[in-house]
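Please describe how two of the helices pack in this protein, and what lines its ligand site. Add a word on confidence.

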Amino acid sequence: MKADMADHDPREEPMATEIQHYTPTAKWLHWIMAVLIVLLLVLGFYLSGLPRGPEKTTLIQVHKAIGTIVLALAIVRLVWRLKHPAPLLPASITALQQKATHAVHWALYALMFAQPLSGWAMSSARGFPVALGGIIPLPALAMKNEALGKTLTQVHEFIGWALAVVVIGHVAMALKHHFVDRDGILLRMWPRYGTGTD
Ligand code: HEM
């Protein structure tokens with residue numbers, strides 16, 4: 001396989017036969033969560049600039065409902081991932097690039113938990129209830145405390161920025177692999193392109 005990779009001109013079409021895919025479940029979880037997380041980030045940044053009022057209140061409810069769903073999906077995804085290792089990267093990816101890729105992916109996992117958890121704790125400290133999907137009540141993560149609420153708001157905003165930066169880097173790298181390196185990395189996660197088995 002290595003010899004084939006060495007002979008392959010990266011400007012040609014990616015070598016479909018060389019590409020190993022994520023499982024269908026991993027792909028579904030990735031893309032559903034990608035859409036929800038990007039939506040949450042856009043909504044969160046928009047919300048933070050809004051004055052208090054009915055529009056802000058409604059959008060906060062939507063943001064919280066989606067955020068708790070993302071947290072639930074992150075738990076399912078992490079459990080799934082621990083039982084189903086990622087497919088091996090192609091030999092054209094250097095050892096250093098592989099380490100960087102794994103570091104970014106695990107940073108994304110950590111942020112996918114840290115962001116909704118910090119939002120949940122922030123709401124609790126500010127005295128607001130949190131419900132899964134806006135329907136199933138969840139316990140408070142912190143006692144009501146104004147100072148703690150303010151600190152957790154800053155933490156939630158900071159993690160939001162960190163998540164946005166890492167996601168932008170992640171998407172930029174995925175697009176570079178696809179359009180510049182043409183090494184089939186994006187296709188490993190592409191919904192209808194080849195199938196890994198669950
Ligand atoms: C919206 C555009 C996005 C694109 C084009 C994209 C693309 C990809 C690709 C191609 C992979 C597989 C990399 C490989 O082959 O090893 C991947 C993995 C991953 N992506 Fe994304 N992604 C996007 C958004 C996101 C978002 C918003 C998140 C979450 C914050 C995310 C989290 C992850 C994680 C955690 C993995 C690693 C999966 C694992 O190994 O279990 N991605 N992404």
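## Helix packing and ligand shell

In this predicted model, α3 contributes Lys 64, Gly 67, Thr 68, Val 70, Leu 71, Ala 74 and Leu 78 to a contact with α4, where they meet Tyr 109, Met 112, Phe 113, Pro 116, Leu 117, Gly 119 and Ser 123. By class, this contact of α3 with α4 holds 9 nonpolar, 4 polar and 1 charged residues.

Two packed helices are described by the angle between their axes and the distance between the axes. Helix α3 spans residues 54-83, and its axis comes within 9 Å of that of α4. The axes cross at roughly 140°. The two helices, α3 and α4, are therefore oblique to each other. The crossing of α3 past α4 is left-handed.

Now the ligand. Its shell has 20 residues. The closest are Ala 34, Ala 86, His 105, Ala 174 and Arg 188. By class, the shell divides into 14 nonpolar, 4 polar and 2 charged residues. The helices below each supply at least two residues of this shell.

| Helix | Residues | Supplied to the shell |
|---|---|---|
| α2 | 24-48 | at least two residues |
| α4 | 95-125 | at least two residues |
| α5 | 146-181 | at least two residues |
| α6 | 185-188 | at least two residues |

Helix α4 thus appears twice: it supplies the ligand shell and meets α3.

On confidence, the protein has a mean pLDDT of 91, with 88% of its residues at 70 or more. Over residues 1-16 the pLDDT is below 50. In the model, this stretch has 20 contacts beyond near neighbours in sequence. Where pLDDT is low, the predicted coordinates should not be read in detail.

Key:
Residues numbered from 1 in each chain as written. Predicted model: local features only at pLDDT ≥ 70, side-chain atom pairs only at ≥ 80, totals over all residues. pLDDT = per-residue confidence, 0-100. Contact = placed C-beta atoms within 7 Å. Near = placed C-beta within 6 Å. Helix = DSSP H or I, 4+ residues; strand = E, 2+ residues; numbered from the N terminus. Nonpolar A, V, L, I, M, F, W, Y, C, P; charged D, E, K, R; others polar. Axes fitted to C-alpha atoms, helices over the stretch in contact; angles between N-to-C directions. Parallel < 35°, antiparallel > 145°, perpendicular 65-115°, else oblique. Left-handed = near helix turned anticlockwise from the far one by under 90°.
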